[in-house]
Every structure is written in C-alpha cells, then in structure tokens.
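Please look at the chain shown below and read this briefing beside it. The notes are grouped by topic, and each term is explained where it is first needed.

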Amino acid sequence: MRYAIKKPEAQATHLTDIYTINEVAEMLKVSKRTIERLMYETRKLPYLKIGRTARIRKRDIQRFLDQAVI
C-alpha cells in the first residue's frame, strides 16, 4: 500500500516568516549591530537559535515594534 506525503500548508507559510539579522536590519533601516544589541544585550528582541545562526520571527518583530511606540 502506498501513502502520499503531503506538506501542511500552515508550515510552509511559517517558514517564510523567519528572517536573518541582516534582513531585519534592512527592514527596519538600522545597523546590524543595533539588531544584535536588541537581541543579545537588552533582550528586547526575541530570537531563535538554529545551529550557529540566529533567526527572528516576523511576529516577534511586530511585537517589538508595537511595544516601542511612544
């Protein structure tokens, strides 16, 4: 008996919502160092650790921006 393996649609869209430090810096028009400081020193921007690289989820960026409004 053969089974078809289907990729869930929800997972495919979530993978596109993960960005590198450089991509986030470019989106927010700040330096890479600013993003690193927000992630590592002040801990204001949550991130994922995948292997040796850090990735930032779109929802964490949006949450950070929402909290930054004065």
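Which side chain meets that of Arg63 in a salt bridge? The partner is Asp60, and the N to O distance in this salt bridge is 3.2 Å, where a salt bridge is defined as a side-chain nitrogen of Lys or Arg within 4 Å of a carboxyl oxygen of Asp or Glu. The model is predicted, so local features need pLDDT of at least 70 and side-chain atom pairs count only at pLDDT 80 or more, while totals for chains, interfaces and linings use all residues. Residues are numbered from 1 along each chain as its sequence is written, and side-chain values use heavy atoms, with hydrogens and water left out.

**Overall layout**

- The chain has four helices and three strands, which are DSSP runs numbered from the N terminus, with helices (H or I) of at least four residues and strands (E) of at least two.
- Following the sequence from its start, these elements come in the pattern α-β-α-α-β-β-α.
- Of the 70 residues in the chain, 20% count as buried, where buried means under 20% relative accessible area, exposed means over 50%, and partly exposed lies in between (1.4 Å probe, protein chains only).
- Among the contacts between residues at least 6 apart in sequence, 37% join residues at least 24 apart, and a contact here means heavy atoms within 4.5 Å.

**Salt bridges**

- As general background, side chains of opposite charge can pair when their charged atoms come close.
- By the rule given above, the count in this model comes to five salt bridges.
- Arg63 and Asp60 both lie in helix H4 (residues 58-68), where they are three residues apart, or about one turn of the helix.
- Salt bridges that share partners also join Arg33, Arg37 and Glu41 into one network.
- Within this network, Glu41 forms a salt bridge with Arg33, and the closest N and O atoms of this pair are 2.5 Å apart.
- Arg57 forms a salt bridge with Asp60 as well, with the closest N and O atoms 2.9 Å apart.

**The surroundings of these charged residues**

- Asp60 is buried, with a relative accessible area of 2%, and when its neighbours within four places in sequence are left aside, Asp60 is in contact with Leu45 and Pro46.
- Arg57 counts as partly exposed at 25% relative accessibility, and Arg63 also counts as partly exposed, at 45%.
- Arg33 is partly exposed too, with a relative accessible area of 38%.

**How helices H2 and H3 meet**

- The axes of helix H2 (residues 21-28) and helix H3 (residues 32-41) come within 8 Å and cross at roughly 110°, the axes being lines fitted to C-alpha atoms over the stretch in contact, with angles from 0 to 180 degrees between N-to-C directions.
- This angle makes H2 roughly perpendicular to H3, because angles of 65 to 115 degrees count as roughly perpendicular, those under 35 as roughly parallel, those over 145 as roughly antiparallel and the rest as oblique.
- The crossing of H2 and H3 is right-handed, a term used if the near helix is turned clockwise from the far one by less than a right angle, whereas an anticlockwise turn is called left-handed.
- On the H2 side the contact is made by Ile21, Asn22, Val24, Ala25 and Leu28, and on the H3 side by Lys32, Ile35, Glu36, Met39 and Tyr40.
- By class, this contact has seven nonpolar, one polar and two charged residues, where Ala, Val, Leu, Ile, Met, Phe, Trp, Tyr, Cys and Pro count as nonpolar, Asp, Glu, Lys and Arg as charged, and the others, Gly among them, as polar.

**Loops and backbone angles**

- In general, most residues other than glycine have a negative phi.
- Lys29, although not a glycine, has a positive phi of about 60°; Lys29 lies in the loop between H2 and H3 and is exposed, with a relative accessible area of 74%.
- Arg43 likewise has a positive phi of about 60° without being a glycine; its place is in the loop between H3 and strand E2 (48-50), and Arg43 counts as exposed at 59% relative accessibility.
- Ser31 is found in the loop between H2 and H3 and is partly exposed, with a relative accessible area of 37%.
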